[in-house]
Amino acid sequence: MRRALELAARGLNSTDPNPRVGCVLVRAGQIVGEGWHERAGEPHAEVHALRAAGAAARGATAYVTLEPCAHVGRTPPCAAALIGAGVVRVIYAIADPNPLVNGAGAAALSHGGIEVASGLLAAEAQALNPGFFKRLQTGLPWVRVKLGASLDGHTALANGASRWITSSEAREDVQLFRARSSAILSASGTVLADDPALTVRLGHASRQPLRVVLDSELRIPESARVYGSAGQALVFAADLALPRRTALERLGVRVECAARARDGGLQLEPILRRLAQLELNEIWVEAGARLAGALLQARLVDELILYLAPSLLGPQARPLVALPAIDQLEQRLSGRYTDCTRVGEDLRVTFRPTMPGTGTSTSTGTSTGTGTSFAAKS
């Protein structure tokens, strides 16, 4: 199963919106076939493994990182393929949360005379697909917020200068996170200030994530790099009657309406739910302190990826996130570190916020979406 997980990870950047899945076929203690799901619409991991094994699949045990499917989607059902190949036992790591599959795959295998077991390395299999599981279980994508800061927690000088706080190695590391993401989310303030392309700049990149921008008043000009780069772009605005909409749609940019919050900004949770409806599993957020703070305050962040540079910018520099003032420690936003890795001269710290008083990840909580907003016009 560990080998199957290694194989599944090869599809880290390419299977979206499908999960990353690996399969290993073993007979008489020897691996006779292996495969992984490479991209959506193409054969699943089990089919690749069966093709590699050929006749040796008969009598084999299949180790699969996710419950085999039993329905006809873009490809035929894998359960039927395993039965037809003469596999005698299937061990899968974790049940597929897709209601079309959950339990049905195991039942089909059992009905076909195959011995079935599950639960082996389930946590590792789920960790490989956090967005897929969260989207299907909660209707929300997995949200990672990236920030680069000095050691004293500042992202830019008071005058806005910020290039470059972190190292070139950290910026290359960011490209790896972009590549695995379904979408890169930013806001009009960041786009107007920096004119980022928000694309994956890796030679081996097999696809470009959807670029999503919060721009309530459609202030970003059509000439912005975020609209002219490879791949697709989606903009959320507060009013579809805004003049710039037609020009953007001529460029192939999709413009959708997002509800305003009480403060005039855009409600964030409905936007994320819309992205989940579009089958986007993992969202990578690159924006300023205001959007980062709004997402954290709304309990919509699953992971904060913070690159800490070995430098100090002083008290007048710009803050890491914009959060409301508190006067009691019980009001603080807490969490836990899940990783700390040196990247070049910087530290990459992964932080998972927790719901107050629960000790659980914010991804298990809920938010109404009303009153929780980001004023993209600022």
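**View 1. Ser-150 and its neighbours.** Leaving aside residues up to four places away in sequence, Ser-150 touches Ile-165, Leu-308, Ala-309, Ser-311, Leu-312 and Leu-313. Welcome to this predicted model, which we explore here one close-up at a time. To find Ser-150, look in strand β6, residues 142-150. Is Ser-150 buried or exposed? Its relative accessibility is 0%, so Ser-150 counts as buried. Its side chain also has a partner in Asp-152: a polar contact of 2.4 Å joins the two side chains.

**View 2. Strand β1 and its two partners.** Strand β1 covers residues 22-27, and 5 of its 6 residues are buried, which leaves the strand mostly covered. Which strands pair with β1? One is β2 (residues 30-36), which runs antiparallel to β1 and is joined to it by 6 bridges. To follow this pairing by eye, start at Cys-23 and find its bridge partner in β2, Gly-35. The other is β3 (residues 61-64), also antiparallel to β1, with 4 bridges between them. Here a handy pair to look for is Val-24 and its bridge partner in β3, Tyr-63.

**View 3. The turn of the hairpin, and a cis bond before it.** Strands β1 and β2 form a hairpin with 2 residues between them. Ala-28 sits in this loop between β1 and β2, and its phi is positive, about 55°, although Ala-28 is not a glycine. Is Ala-28 buried or exposed? With a relative accessible area of 77%, Ala-28 is exposed, since the cut-off for that word is over 50%. Now step back along the chain to Pro-17, in the loop between α1 (2-8) and β1. The peptide bond from Asp-16 to Pro-17 is cis, with omega near 5°.

**View 4. Helix α6 and what covers it.** Helix α6 spans residues 130-138, and its buried residues include Pro-130, Gly-131, Phe-132, Phe-133, Lys-134 and Arg-135. What covers the buried residues of α6? The cover includes α5 (122-127), β6, α7, α11 (268-277) and β13 (282-286). Just after the helix comes Gly-139, with a positive phi near 80°.

**View 5. Helix α7 from end to end.** Helix α7 has 13 residues, 168-180, and reaches 19 Å from its first C-alpha to its last. That is close to the 18 Å expected at 1.5 Å a residue. Which residues of α7 are buried? They are Ala-170, Asp-173, Val-174, Gln-175, Phe-177, Arg-178, Ala-179 and Arg-180. Helix α7 is also among the elements that cover the buried residues of α6, so you may like to look at this view together with the one before.

**View 6. Strand β10 between two parallel partners.** Strand β10 (residues 233-237) is largely enclosed by the rest of the structure, because 5 of its 5 residues are buried. In a regular strand, side chains alternate between the two faces of the sheet. In β10, Ala-233, Val-235 and Ala-237 point one way, while Leu-234 and Phe-236 point the other way. Strand β9 pairs with β10 in the parallel sense over 4 bridges, and Leu-214 stands opposite Phe-236 of β10. Strand β11 (residues 254-257) also runs parallel to β10 and is joined to it by 4 bridges; there, Val-255 is the bridge partner of Val-235.

**View 7. The loop at Asp-195.** Asp-195 is found in the loop between α8 (188-194) and β9 (210-214). Its phi is near 50°, a positive value in a residue other than glycine. How accessible is Asp-195? At 29% relative accessibility, Asp-195 counts as partly exposed.

**View 8. Two nonpolar cores.** The largest nonpolar core has 39 residues, and those with the most contacts inside it are Val-145, Leu-214, Phe-236, Val-285 and Leu-295. Helix α12 (residues 289-297) gives this core its largest share, 5 residues. A second, separate core has 32 residues, among them Val-26, Ala-62, Tyr-92 and Phe-133. In soluble globular proteins, nonpolar side chains tend to be buried together.

**View 9. How confident is the model?** Across the chain, pLDDT averages 88, and 91% of the residues score at least 70. Where does pLDDT stay under 50? This happens over residues 363-378, for which the model has 50 contacts beyond four places in sequence. Where pLDDT is low, the predicted coordinates should not be read in detail.

Notes. Residues numbered from 1 in each chain as written. Heavy atoms only, no water. Core = buried A, V, L, I, M, F, W, Y, C linked by side-chain atoms within 4.5 Å. Buried < 20%, exposed > 50% of the residue type's maximum accessible area, 1.4 Å probe, protein only. Expected span 1.5 Å × (residues − 1). pLDDT = per-residue confidence, 0-100. Contact = heavy atoms within 4.5 Å. Polar contact = N/O pair within 3.5 Å; in protein donor to acceptor, adjacent residues only side chain to side chain. Pairing = 2+ DSSP bridges.
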